[in-house]
Amino acid sequence: PEEIRVYEFAEKINKPVGEVIKELFSLGVMFTKNDFLDKDSIEILADTFGINVTTVNDQESFDYVKAYDEEGEASEQNLVERAPVITIMGHVDHGKTSLLDYIRSAKVAAGEAGGITQHVGAYMVEKNGRNITFIDTPGHEAFTEMRSRGAKVTDIVIVVVAADDGVKPQTKEAVEHAKAAGVPIIIAVNKMDKESANPDLVKAQLAELGITPIDWGGEHEFVPVSAKTGMGIEDLLETILLQADVLELKADPSRDVKATVIESSLEKGRGPVATVVVQDGTMRVGDIVVAGIAFGKVKALLNDRGIAVKEALPGEPVVVLGLSEVPGAGETLINVKSDKIAREYAKKKAEYLRQKELSKSTKVSLDELSDMI
Ligand code: GTP
Ligand code: MG
């Protein structure tokens, strides 16, 4: 149900209601003055009458991200290779976290000081002198939102399928997220150490979903692995790097930072904490940033092992301290020129979210209509 009636719309834009109805009629739709307008009609009317409307539900990018995008193009000569961002998805208990643990302990342990463990959903490992960023996601069906978000910030999705269990509901869901995001999918056929492992069944089941293995004439890599024995993990990492090469992932580290919030929380003694993955530019301690309703001067940056670092490069995950609030997961964080701008953007965002909340069932906010010509 819409909440904006024809006469309310007419009032907002200072036009006789008859004129609005006439305009609608000329578009081939009959409305009385008490009818609710649908989103499409409002957009067409706005266009006709030369006014601006904000479609609240199409929330994707907020002003400040646009401002960042418009500010400066990454200059060609500054582009350098960046770490690929890999999201691990799959059905509950199919071994996503175990795989990551194995990858991390094999690759990270050498540099690990004092065994500091900090839980973040994003990790970086090195392979052949190159960094790879991994984002772990939960497989439980309740976390659709987190999986969908993961797929949005990623370059490649790895769908983990337990060879002894086959394709399950969240395997399918993961495939759908990856397809929707338009990113390459690599299948890790896990638990190959198990007696009951049946990789051919996994292949057949996935082929049915349009994910056909290369050795069956398709275009998807299926890598048999075991998070328990470590079998196939080197292969998996190599496959990732080959895929990343094809994507030619580049970024400009000389730009202001743009990053995506992966997870966030309020921590005792630390305040708001956000794990972000840098998409472009370089994130530095001291940067003035805004991320949704949160803003602030970056007080400290911690890598995935909880160690303080001065900066984070494109593709890298980092924990940010110093924000005024807990930013929403999925928000874009950017570096701005001044504290004043940061505050202003955050305030606008908060106001925007408040409006959205108010207009819940309403698809379009008429507040912007006062901007009429
Ligand atoms: P969620 O995050 O809850 O979705 O689960 P997950 O996919 O991260 O699975 P997790 O890594 O927690 O592993 C689930 C169980 O499977 C654990 O008991 C692991 O020890 C076991 N497991 C994971 N990988 C393997 C494997 O390769 N072989 C064997 N035998 N067991 C495995
Ligand atoms: Mg897990």
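## A walk from strand 2 to the open sheet

Start by selecting V85 and T133: T133 of strand 4 is the bridge partner of V85. Zoom out a little and you'll see strand 2 and strand 4 running parallel, joined by four bridges. Keep in mind as you go that this is a predicted model.

Stay on strand 4 and colour by burial. Five of its seven residues are buried, so the strand is largely enclosed by the rest of the structure.

Now bring in strand 3, residues 122-127. Strand 3 runs antiparallel to strand 4, with six bridges between them. To see one of these pairings, pick V125, whose bridge partner in strand 4 is I132. Then slide along to the turn: the hairpin of strands 3 and 4 has two residues between the strands, and N128 there takes a positive phi near 50°.

Next stop, helix 6, residues 144-153. Select R147, R149, G150, A151 and V153, which are buried. What lies over them? Among the elements covering the buried residues of helix 6 are strand 2, strand 4, helix 7 and strand 9 (258-267).

Show helix 7 (residues 169-181) alongside helix 6: the two axes come within 9 Å and cross at roughly 35°. The crossing is right-handed. For the contact itself, put sticks on T144, R147, S148 and A151 of helix 6, and on Q170, E173, H177 and A181 of helix 7. By type, the contact residues split into two nonpolar, four polar and two charged. The spacing along the helices has a simple background: an α-helix has 3.6 residues a turn, so residues three or four places apart point the same way.

From there, move on to the open sheet. Eight strands make it up, in the order 13-12-18-9-10-17-14-15, with antiparallel pairing. Check the edges: strand 13 (294-297) and strand 15 (308-309) each have a single partner strand, so one side of each is left without a neighbour in the sheet. Inside the order, look at strand 14 (residues 300-302) and strand 17 (residues 317-321), which pair antiparallel over three bridges. A300 is a handy residue to click, with L321 of strand 17 as its bridge partner.

Finish by colouring on confidence. The chain's mean pLDDT is 85, and 87% of its residues reach 70 or more. Select residues 57-61, where pLDDT stays under 50 and the model has seven contacts beyond four places in sequence. Residues 360-365 are also below 50, and that stretch has 20 contacts beyond near neighbours in sequence. The scores for the model are ipTM 0.99 and pTM 0.78.

Key:
Residues numbered from 1 in each chain as written. Chains lettered and ligands numbered in written order. Predicted model: local features only at pLDDT ≥ 70, side-chain atom pairs only at ≥ 80, totals over all residues. Heavy atoms only, no water. Axes fitted to C-alpha atoms, helices over the stretch in contact; angles between N-to-C directions. Left-handed = near helix turned anticlockwise from the far one by under 90°. Contact = heavy atoms within 4.5 Å. Nonpolar A, V, L, I, M, F, W, Y, C, P; charged D, E, K, R; others polar. pLDDT = per-residue confidence, 0-100. Pairing = 2+ DSSP bridges. Buried < 20%, exposed > 50% of the residue type's maximum accessible area, 1.4 Å probe, protein only.
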